[in-house]
Amino acid sequence: MSDDPLFKDVTYYIVGDIDQKVISLLNDGGAKKDSYLSEMVSHVIADDCTQSEYSEARELFELPVVTSDWVRLSVACKKQLNLELFSPEDVIFSGVVACCSELTLEDTNALWAMLTTNGGKCQQNLDKQCTHLITGNSHGAKYEEALKHEATIKIVCPDWVTDTLEKKERQDESLYHPKLLKSPTDLATPPSTPPPAINTTPPEPTPMDVEQQEEQAKQQAKQKLKAQALQQHGRIHQKQEVAVSRSPANQGTRPRQKSPARPAMPHLSRSPGAVPTMPHMLPIPNMPQMGLPSFLPPEMQRPGMPRPLRNITNRTELPGNMPGMMPNSIKTNQRMPFNPALPPSHRPPPPRYVPPSSQQGQIRPSMSMPATYWGHDPSDNLPPEMCLLGCVFYITDYVKIVGQSEIDKWKTVIEQHGGQVDNAYSNRVTHLLCATQHTDVFHIALKDQRRVVTAFWLNDVLVKKKMLPPYQALHLPIIYGENKPCSNQLLCVTNFDGDERLRVKQMIHAIGAKYTGYMTHGNSAIICGRPNGTKYDKASEWKIPVVNVQWLSDLVLGHLEALKLPLNPKYRVLGQENQFNLDLSKVFHLMVGWQVPLKIQKETWKKVKRNQENEKQKEDVDGEPDLKKQKLSIEDPSVIQNTTQPVIIFTGFPKGQVRKFQTVVSQLGGISTENPRLCTHLVAPSLSRTMKFFVAINVCKHVVTGDWIEACLAQGAFVDETPYKLKDEVTEKTMNCVLEDSLKRAQTKKLFEGMSFYISPSVSPPSSDLEKIVEAAGGQILKQRPNTQIFTEHKDENGNMKTVMITCENDVMLYKDLIAKDIAIFNAEFILSGVMRQTVDFKSYQIDVH
């Protein structure tokens, strides 16, 4: 058998609380712990799948996630077991630590079996580790103590456990509080009038009328009868009787579910949708969960209906003059708690978005004769490299967003492709390049029937090498101003890759919503590309609305009828081709300028032909076309040094994320590189010991997080790096360095300037990697080992060595001559830690050979 450590190939990351013994088993088995989620991690250890990092590991990094049992049992079996058998995904009581009280021994044992076999834990003592107290009575020492800590300890009756297993979904604990139980005496004499609302937390929902309650009680009784069949091996015997009363005289005489006269209580329902007044609404953090507001339409109060899509405007009313507004009779639930004491007429008026006045009086195309939109005149046959020929741009409002220096770069790119940029708006202008519809120039251009477009349109035209009419929502100026309508909304995305995913995220930003990389119960909706995948399945299970890109595009264009419930079926169709294409009939007022083809003037053609002839003559003289020269590898230092654009390298991100970032960089005119010695910007999620980091820190100007790329995408240009500098205090403390100070020192002077290194054969990392780091820091690698005289005499003015031997314990005996003369030798950390701190340390990394 092999003597290799059991976990030698494991690099693990911990999610939530994991037993220290498990961590010790991993470390003793040769595993390495990583402090950050990254593609370097091979195993994620998690016992609680409700943690946000669990979803991030599964969805973003696609890493294998296992419970701590995988570690224990692998050690017991002396081999790494199948990871799929230890996934915490389906462990429904993950993170639950329960304590039972006021229950029979038989019921306690049954609860223990149910919880522990489904990821939970049970204990006898009620302490700060407990998350749930399971009890059949609303009294007792443990109950009174748990009441003092209701913020951290949920108090439930045994039905919460059985119902959760039956429905395969964690039930709302507030519906199973023992306070809501009724005794047999109460059940025998139902009151003649509806009982008063019980003052509990969370507050009771708006009460139903008497007929609804009676009908609900009948439905509930039927469901309870069906549920009796499930009370067999392993289930809690007589759990209804125990929950009602612990007296032996009461047990088995009056099953709780057989009392039709008992008014429906929330926790007795076998279906979350059985109580019409409690839909699937999520509690606001630190706020009580409120009932369904009384002003909602009847279709939103049907039993068992899916979670209503929250009003994305966060208002009880939508302005009547908003394009595509929802009718006043349709109102969706607010994200903020509803205050019934405050009538709608006394609430602050919402901000109103006024559509451009130029819409009025426009002639809309006949329904039988759809409008046709044109780029250039088809007969012109423009070469791809001159795709903007004849276009005269005027750029507005982007100056404030990206700055004049970036605008100058845009001008250069436009002119390289045949277009022109004017400094003032005039009759010459054919295209207005603007980000929003909130400028005077926009309204003038719209009235003059000019073509109004955004930087996203310009990017796509340059990529396709053809001037096409706008075909995506992002190609048109945004209707919203500073007060975007979708604040406090959480949207996530699935089944989109590369540029498509970036565009969906940009549209989410455009409407003011927040993008989440992982999906939780708190998401308002999920934007889905195809009807499959983990997020798609979970959305169906959690009743989170699943919508397509068209839904998002319509909201970007200002058509808020997309929020009307029930959702229009067209928003639920997934997997269509060209799903990003917008419905141009909804933006006719913005497309009038595209109804006439752009014809190239003869003089412009003549000028183009003259330039082409000059280029051909230059090519004949030089023997090589300019385009080929431009295609010389961008890894060539001379090419990089002569550019003013950012040269960006990425490390620590998944490969898919890097490709997306590289797409953004290309769209913005920057350069992506894989050679860290050529970069000006290093983008990383954290401070990490990667080759790219070791090399780039010696040469780059900025080390930023991925948020910088996202901000650049949002602004349509490269923005100031200062707010996005990488700060990793935990790792910096571990490495005993300050990244910002290291960068300053590296830009002041090369760390190893004037120094030479000889690296022995067995050093790790290999000498080829260390050579790249040393040369980036200004040092020199010696191919042959110097004699002892070089080591002793080659010193600086402070007496420090300028020729350094880097070796390891395995190679020490090769250099007995150096050891005999007390010549210091060092390990690889002399280089690695040295460049991270940008200091030369001759004490900490000297190998002790005595």
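Modeller: A crossing of two helices counts as left-handed if the near helix is turned anticlockwise from the far one by less than a right angle, and as right-handed if the turn is clockwise. The model discussed here is a predicted one.

Biologist: Which hand does the crossing of helix 14 and helix 16 have?

Modeller: Helix 14 and helix 16 cross in a left-handed way.

Biologist: What describes two packed helices?

Modeller: The angle between their axes and the distance between those axes describe such a pair. For helix 14 (residues 498–510) and helix 16 (residues 549–556), the angle is about 40° and the axes are 9 Å apart.

Biologist: Why are helix 14 and helix 16 called oblique to each other?

Modeller: Angles under 35 degrees count as roughly parallel, and 65 to 115 as roughly perpendicular. The angle of about 40° belongs to neither class, so helix 14 and helix 16 are oblique to each other.

Biologist: Which residues of helix 14 and helix 16 meet?

Modeller: Helix 14 brings Val504, Met507 and Ile508, and helix 16 brings Val549, Leu552, Ser553 and Val556. Sorted by class, this contact of helix 14 with helix 16 has 6 nonpolar residues, 1 polar residue and no charged ones.

Biologist: How do helix 4 and helix 6 lie to each other?

Modeller: Helix 4 and helix 6 (residues 159–167) cross at roughly 40°, and their axes come within 11 Å. That angle is neither under 35 degrees nor in the range 65 to 115, so helix 4 and helix 6 are oblique to each other. The crossing of helix 4 and helix 6 is left-handed. In this contact, Leu111, Met114 and Leu115 of helix 4 meet Val161, Thr162 and Leu165 of helix 6. By class there are 5 nonpolar residues, 1 polar residue and no charged residues where helix 4 meets helix 6.

Biologist: What makes the phi of Glu102 worth a remark?

Modeller: Most residues other than glycine have a negative phi. Glu102 is not a glycine, yet its phi is positive, about 60°. Glu102 sits in the loop between strand 5 (97–101) and helix 4 (105–116).

Biologist: Why does Glu102 count as partly exposed?

Modeller: Buried means under 20% relative accessible area and exposed means over 50%. Glu102 has 25% relative accessibility, so Glu102 counts as partly exposed.

Biologist: Where does Lys465 lie?

Modeller: Lys465 is in the loop between helix 13 (455–464) and strand 13 (490–494). Lys465 also has a positive phi, near 60°, in a residue other than glycine. With a relative accessible area of 37%, Lys465 is partly exposed.

Biologist: What joins Ser764 and Pro765?

Modeller: Ser764 and Pro765 are joined by a cis peptide bond, with omega about 0°. Most peptide bonds are trans. Pro765 is in the loop between strand 21 (756–759) and helix 25 (767–776).

Biologist: How many residues apart along the chain are Thr604 and Gly390?

Modeller: They are 214 residues apart along the chain, while their C-alpha atoms are separated by 7.3 Å. Thr604 belongs to helix 17 (residues 602–622). At 26% relative accessibility, Thr604 counts as partly exposed.

Biologist: How many helices and strands are in the protein chain?

Modeller: The protein chain has 28 helices and 23 strands. Of its 850 residues, 48% count as buried. Among contacts with a separation of 6 or more, 68% are between residues 24 or more positions apart.

How values were computed: Residues numbered from 1 in each chain as written. Predicted model: local features only at pLDDT ≥ 70, side-chain atom pairs only at ≥ 80, totals over all residues. Heavy atoms only, no water. Axes fitted to C-alpha atoms, helices over the stretch in contact; angles between N-to-C directions. Helix = DSSP H or I, 4+ residues; strand = E, 2+ residues; numbered from the N terminus. Parallel < 35°, antiparallel > 145°, perpendicular 65-115°, else oblique. Contact = heavy atoms within 4.5 Å. Nonpolar A, V, L, I, M, F, W, Y, C, P; charged D, E, K, R; others polar. Buried < 20%, exposed > 50% of the residue type's maximum accessible area, 1.4 Å probe, protein only.
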